[in-house]
Amino acid sequence: MLYGLGAIVGPLVTGHLGDRAGFGPALRAAFLVEAAAVLLPTVSTAPVSLIVSSVVVGGFTPGIVPLVLGRIHELVPHSTEQQRATWSHATTSFALFQAAAAYGFSWLYAQTGGDYLVLFALGGGAVVLALAIDLALALITRKA
C-alpha cells in the first residue's frame, strides 16, 4: 500500500523537480535519493526504515519516467524524430533489463536461501551505476 501511495505522487513530484531544476540535475538527484532508499533496508529493517524505503522507491518507479523523457529532450533538443527514436530505445532497454533483473533476482533469491538484503544491495548498486553513467554522460557532453 505504501509503495502504491508513493507511486501516485512520484511522477508529480519528479516532474515538478525536473521543471524547476532541469532534468539532468533532477535525474541525478533522483538516482541518489532512490539509491539511498533501496539501500536503506540493508542497514535497518526497523518499521520506519521500511516505510520510508517503500514510499520513496514507489515514488521513483513511475517518477523516473518523466525525468528520463525530459533528459532525452535536453540531450537531443532539436530533432523530434531523434527524440522519439531515443525514447523508443530507452523504453525497450528498460523493459529488457527489468525482465532480466526480475528473473535474475528470483534466481539469486532462491540461491541465497531467501536473503533479501543481497537483493537490496544489488538493487542499490544498480541505481548507483545508473547515476555514474549519467554523470559520465554529462561530462562527455559538456566536453563536446
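Select D134 to begin: this residue is buried, with a relative accessible area of 7%. Keep in mind as you look around that the model is predicted.

**Stop 1: the partners of D134**

Now add R28 and show both side chains. D134 and R28 meet in a salt bridge, at 2.8 Å from N to O. D134 belongs to helix α5 and R28 to helix α2, so this pair ties together parts that lie 106 residues apart in sequence. Is R28 buried or exposed? With a relative accessibility of 18%, R28 counts as buried, because the cut-off for buried is under 20% relative accessible area.

Leave D134 on screen and select R71. Here is another salt bridge: the side chains of R71 and D134 meet at 3.4 Å, N to O. R71 sits in helix α3 and D134 in helix α5, so the contact ties together parts that are 63 residues apart in sequence. Both ends of this bridge are out of the way of the surface probe, since R71 is buried and D134 is buried too. For R71, the relative accessible area is 9%.

**Stop 2: along helix α3**

Stay with R71 and add E74. Their side chains form a salt bridge of 3.2 Å, N to O. What separates E74 from R71? The two are three residues apart in helix α3, which means about one helical turn lies between them. Colour E74 by accessibility and you should find it partly exposed, with a relative accessible area of 34%.

Show the four side chains together: R28, R71, E74 and D134 are linked in a network of salt bridges. How many salt bridges does a search of the whole structure find? The count is three.

**Stop 3: the largest pocket**

Next, turn on a pocket or surface display. The largest pocket holds about 2,000 Å³ of space. To centre your view there, select E34, F94, A126, V127 and A130, which are the closest to the pocket's centre among the 42 residues that line it.

Which helices should you colour for this view? Try α2 (23-43), α3 (47-75), α4 (80-111) and α5 (116-143), each of which supplies at least two residues of the lining. Then colour the lining by residue type: 31 residues are nonpolar, eight are polar and three are charged.

**Stop 4: a nonpolar patch on the surface**

Switch to the outside and select M1, L2, L5, I8, V9, L12, V13, I51 and V55. Together these residues make a nonpolar surface patch of about 880 Å². Helices α1 (2-21) and α3 are the elements that give two or more residues to the patch. Which of them gives the largest share? That is α1, with six residues.

Click on L5 for a closer look. L5 is in helix α1, and at 45% relative accessibility it counts as partly exposed.

**Stop 5: three distances to try**

Finish with the distance tool, working between C-alpha atoms.

- Pick A35, a residue of helix α2. A35 counts as buried, at 5% relative accessibility. Draw a line to L135, which is 100 residues away along the chain, and the C-alpha separation comes to 15 Å.
- Move to A101 in helix α4. A101 is partly exposed, with a relative accessible area of 32%. From A101 to G123 the chain runs 22 residues, and the C-alpha atoms are separated by 9.3 Å.
- End at T141, which lies in helix α5. T141 is partly exposed, with a relative accessible area of 38%. The line to draw goes to L75: the two residues are 66 apart along the chain, with 8.4 Å between their C-alpha atoms.

Key:
Residues are numbered from 1 along each chain as its sequence is written. This is a predicted model: local features need pLDDT of at least 70, side-chain atom pairs count only at pLDDT 80 or more; totals for chains, interfaces and linings use all residues. Side-chain values use heavy atoms; hydrogens and water are left out. On a 1 Å grid over the protein atoms alone, a cavity is a set of points where a 1.4 Å probe fits but cannot get out, and a pocket is an open set with protein on both sides within 12 Å along at least five of seven lines; lining residues have an atom within 4 Å of a point. Grid points are joined across faces, edges and corners, and a volume is the space filled by probe spheres set on the points. Helices (H or I, at least four residues) and strands (E, at least two) are DSSP runs, numbered from the N terminus. Ala, Val, Leu, Ile, Met, Phe, Trp, Tyr, Cys and Pro count as nonpolar, Asp, Glu, Lys and Arg as charged, and the others, Gly among them, as polar. Patches are made of residues with over 30% relative accessible area and no salt bridge: like charges are joined within 9 Å, nonpolar side chains (Val, Leu, Ile, Met, Phe, Trp, Tyr) within 5 Å. Accessible areas come from the Shrake-Rupley method with a 1.4 Å probe; for residues, only the protein chains shown count as cover. Buried means under 20% relative accessible area, exposed over 50%, partly exposed in between (1.4 Å probe, protein chains only).
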